[in-house]
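Here are a few exercises to work through with the model open in your viewer. Try each task before you read its solution.

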Amino acid sequence: MQISLQAVHCLAVHLLTVTHPAERARVAQEHAQVYPDAADLAVRLGDAQAAELVMEAVRRNRVGLLLGELSTNPEVGQVVREAASRIVAANAAVPDIRDITDQDASRSWTTRSVADITANQAAALEAAASVIGPASVLADFGQLPVLRSEHLVRQGLAAGRARAVLQLYRVPAPTPGGQDRLFWAVTVPDGDQVVSTCGLSLLPYIGEFSLEEADFWTVHAALAFLLLPEPLRTYLRDNRGQWPVELVIVPTGLLGIPFDNLAVDDETLLIDCADVVFTGSLAMTDALSSRPPEDAAPKWLSVYDHHRLAHAVTESQAMANSHAPVDQAEGAAALHQALGGAGRDYEVFALGVHGSQDRTGWGQTKLLPDGTSVTAAEALRWSAPRYSVLSSCHSTMETIEGSELSGFPAALLLRGSTTVIGSLHAIDDAATAAVMARCWILLGAGHPPSHALAEAKRQWLHHHPDQWPQPWLWAPLITYGTH
């Protein structure tokens with residue numbers, strides 16, 4: 001197992017230096033079996049800690065593509081481009097060997113030593129910490145993958161809250177008709193202790209799923225008992241008195257799945273018993289939750305398109321009633337001015353507009369009320385407020401060549417937000433406005449965003465029992481980041 005973990009770490013470090021999708025695909029193809037073989041061994045040994053280390057390495061090795069995109073995309077602001085470029089250059093550096101024809105034998109064989117390179121890497125990461133904080137944590141290949149699930153669960157215990165962590169790692173079947181492998185690790189409290197278990201499930205081949213396909217929700221319901229492993233369902237059932245549980249899900253390879261509608265048992269859906277937060281990596285969530293508190297900015301900022309979205313006024317009025325005053329912006333220029341400063345002048349930011357999808361994620365586009373637009377790449381120029389609400393279509397972390405680290409939520413989390421409410425696909429205007437209106441009331445009362453969204457869904461479903469069989473109206477509203 002130790003040899004397998006060392007191979008996993010070496011490959012993850014190597015892929016951190018690969019910033020081009022084609023090269024990453026080549027390396028990944030050449031060493032495709034390293035991660036699943038190590039995960040399979042961990043499961044067969046029942047070694048949950050080893051399984052988690054493998055999964056952390058899988059998620060970490062995609063950061064090279066993120067850094068490559070941040071350093072070369074012209075729409076990304078100069079400050080972020082320079083920070084990413086510096087990490088890329090530092091991580092790609094190798095010692096310089098002097099010319100052997102040099103007759104001065106007293107000179108060192110290296111003009112740029114390993115120590116110099118290590119110092120440059122540390123300096124680049126430190127400089128990037130305030131610019132792309134969570135990404136700088138993931139880009140540190142001087143550090144081995146760290147076990148974080150127990151720490152996150154104990155954080156919840158220390159605060160008197162029930163918290164659990166579900167980590168998933170989907171390995172797609174090589175050919176249609178085969179079965180995807182789903183490695184999982186569940187970490188839950190057990191009295192004063194924290195217990196981790198791991199396992200393997202075989203999924204029906206689901207290919208590139210889309211929530212907007214007619215048969216998606218049928219397949220989705222059938223997968224419930226595979227996507228929510230038995231140790232997690234047992235913990236949720238046995239702790240009914242502590243509902244809702246704070247649940248952190250790391251759905252590697254399944255980022256587009258709306259987990260809230262999955263069945264825990266014949267009478268209970270996940271939304272009934274858990275406040276769910278999605279994250280692309282436990283390292284990111286740990287970094288976000290460990291951020292020191294800042295002086296709370298009293299101001300909130302909103303952009304709502306009342307002309308194109310018939311029900312947006314319901315949501316914007318609820319926001320205005322829950323907190324005063326709320327500054328409003330109508331177009332890209334005003335938005336860039338409000339969020340483009342070095343400091344964070346707002347505590348909460350809401351964007352209720354039309355949104356369009358993009359294959360790479362960084363081209364996700366929001367159409368603003370005055371007809372201008374803003375992309376996820378442009379959002380990387382902002383100093384993002386601590387809490388961001390994207391009640392807009394296609395506000396999801398996207399998969400660019402398997403990176404799962406792009407899109408509007410990722411941009412805002414990299415630039416200062418600790419929690420982002422987003423969506424998975426083209427969401428329903430009326431249902432979204434109704435759920436989010438309840439969410440704003442709860443946010444205004446001081447509830448954390450993850451709980452506010454989940455409780456708003458529960459309240460809305462309680463008053464609309466006929467909508468339970470229509471999860472596409474409410475389940476794709478999700479929370480990213482940290483509780």
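**Exercise 1.** Work out what share of the residues in the protein chain is buried.

Solution. Start with the cut-off: buried means under 20% relative accessible area, with a 1.4 Å probe and protein chains only. By that rule, 55% of the 483 residues in the protein chain are buried. Keep in mind that this is a predicted model, where local features need pLDDT of at least 70, side-chain atom pairs count only at pLDDT 80 or more, and totals for chains, interfaces and linings use all residues. Residues are numbered from 1 along each chain as its sequence is written, and side-chain values use heavy atoms, leaving out hydrogens and water.

**Exercise 2.** Compare the radius of gyration of the protein chain with that of a compact globule.

Solution. The radius is taken over C-alpha atoms, and the globule rule is 2.2 Å times the number of residues to the power 0.38. For 483 residues the rule gives a value near 23 Å, and the protein chain has 23 Å, so the two agree. Along its principal axes, the C-alpha trace spans about 85 × 55 × 45 Å.

**Exercise 3.** Find the pairing partners of strand β4 (residues 179–190).

Solution. Strands are DSSP runs of E, at least two residues, numbered from the N terminus; two of them pair if DSSP finds at least two bridges between them. On one side, β3 (residues 163–171) runs antiparallel to β4 over 7 bridges, with Tyr169 bridging to Phe183 in β4. Next, 12 bridges join β4 to the antiparallel β5 (residues 193–204), where Val195 stands opposite Val188. β4 and β5 form a hairpin with 2 residues between them, and Gly191 in the turn has a positive phi of about 65°.

Key. Buried means under 20% relative accessible area, exposed over 50%, partly exposed in between (1.4 Å probe, protein chains only). Helices (H or I, at least four residues) and strands (E, at least two) are DSSP runs, numbered from the N terminus.
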